[in-house]
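Visitor: I'd like a close look at how a few neighbouring helices pack in this model. Can you walk me through it?

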Amino acid sequence: MVRPDSHTTQSMVDHLFRSEAGKMTAILTRIFGFQHSDLIEDIVQETFLSALKTWPLKGQPDNPSAWLMQVAKNKAINTIKRDNRLQKWTPEIEEDVDRIDRLFLDHEIKDSQLRMLFACCYPELHQKQQIMLMLKTMCGFSNTEIGYVLLMSPAAVKKAIYRAKKKVQTFYNSITVPVINEARQRLETVYMAIYLMFTEGYKRSYEDQVISEDICFEAARLATLLLDIPEVNHGKTHALLSLIFFNMARFPARVGSKGEIIDLKLQDRSLWNQKSIDAGFHHLQLSRESSSLSRFHLESSIASIHCSATRYEETDWERILYCYRRLLQLVDSGIIRLNLAIVLGKVEGPEAGLQALEEVELASKHMDFMIHAAKADMHAELGKYEMAKSHYLVACDMAHSKADKHYLRSKIEECDRKNISDN
């Protein structure tokens, strides 16, 4: 065992929480049922607290994930032994313990997670509730993180999740396995939850760090689990995985040595992970077995164009513009309109981009931060550095994370330098 300090332990436990908490929740829900969701949350939290207390004293175990699962299993068994009301499967506690042991086997853990993903999508819940429940229970998202990706306040998220859990508890005692037709219907919501999870990990909205690789890799792992569902056309699953791998390939070049954001056009493309790019193209090829075109097909195609360009100047912006226009036909959202306007500025010039941004601004007030940053970039391309600076200042005031604020301040300083040199 390695004996880490408290800071190292905290970092490790935070990392493991993203990958293991969802697994634990899924297994414990199969054991205790939805009606004991508070008990399940307590066991999960106590398990990770045990790691925080034990590892600095006794050393970090060789297999931290297995250690956590063993602790969670022991806590579940001890809880059942203490409370006869929870001994619901058989009259013999030894048989209960044996059943719990089996549920913690690797193949049962995977099965539990798949069950839980679809259980969060029970038809008694609205789709937004389904997504919130999945992000909370399976992905370990905080109310603030969920609120950001769904454009809700943390307080509203907390209330909605509480109501969703109560509604599920009313109709279901345990995780039920949906028939294949139900699984296909629920799959769309599962896709969206994983997509939102990856999006938040790819660009953190509130945290100081730019990227959360833990969240992104967990999204990739959950998406890969979906390939185990039989009798489902997995073209869309492969498209989602393709999108994830193409974007993860750029991780090594997206952040500087001091944690600062690096523009796509300034990234050292030799640092991009070729194995991830190859995986992206592999899944992009397999995505063609899909019976219909999805947003994931188009977004992964856009990501593939970026990964195919050896230099920023070689980016095929016209093909990207075509993909965004097709994407807008499928999903009319503010963020897609924003990105389309930015790409339009690359193809037809900053003036065309700025005009398109005006239309986006009227329809999407919640994206003011990103709109002002995009306007600033386009004014800077036109050499209007004072105007660019004013938009960067507004965007900086609206930004939540330190990384965003630091990046925008650097752009403000760049505008000042260029303004002085031009005069």
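Visitor: Let's start with one pair: is the crossing of H18 and H19 left-handed or right-handed?

Guide: H18 and H19 cross in a left-handed way (the near helix is turned anticlockwise from the far one by less than a right angle; clockwise would be right-handed). Before going on, keep in mind that this is a predicted model, with local features needing pLDDT of at least 70 and side-chain atom pairs pLDDT 80 or more, while totals for chains, interfaces and linings use all residues. Residues are numbered from 1 along each chain as its sequence is written, and side-chain values use heavy atoms, without hydrogens and water.

Back to the pair: H18 covers residues 368-381 and H19 residues 385-398 (helices are DSSP runs of H or I, at least four residues, numbered from the N terminus). Their axes come within 8 Å and cross at roughly 160 degrees (lines fitted to C-alpha atoms over the stretch in contact, with angles from 0 to 180 degrees between N-to-C directions). H18 and H19 are therefore roughly antiparallel (over 145 degrees; under 35 is roughly parallel, 65 to 115 roughly perpendicular, the rest oblique). On the H18 side, the contact (heavy atoms within 4.5 Å) is made by Asp 368, Phe 369, His 372, Ala 373, Lys 375, Ala 376, Asp 377, His 379 and Ala 380. H19 answers with Tyr 385, Met 387, Ala 388, His 391, Tyr 392, Val 394, Ala 395 and Met 398. By class, that contact has eleven nonpolar, three polar and three charged residues (Ala, Val, Leu, Ile, Met, Phe, Trp, Tyr, Cys and Pro are nonpolar; Asp, Glu, Lys and Arg charged; others, Gly among them, polar).

Now slide back along the chain to H14, which packs against H15 (residues 317-330) at about 165 degrees, with the axes 9 Å apart. That makes H14 roughly antiparallel to H15, and the crossing is left-handed. H14 brings Arg 295, Leu 298, Glu 299, Ser 301, Ile 302, Ile 305 and His 306 to the contact. Facing them from H15 are Trp 317, Arg 319, Ile 320, Cys 323, Tyr 324, Arg 326, Leu 327 and Leu 330. The tally here is nine nonpolar, two polar and four charged residues.

H14 (residues 295-308) also meets H13 (residues 274-286), where the axes come within 11 Å and cross at roughly 140 degrees. That makes H13 oblique to H14, and here too you'll see a left-handed crossing. H13 offers Ile 277, Phe 281 and Leu 284, while H14 contributes Ser 300, Ser 301, Ser 304, Cys 307 and Ser 308. This contact splits into four nonpolar and four polar residues, with no charged ones. If you want one residue to zoom in on, try Ser 301, which is listed in the contact with H13 and in the contact with H15.

Technical notes: Helix = DSSP H or I, 4+ residues; strand = E, 2+ residues; numbered from the N terminus.
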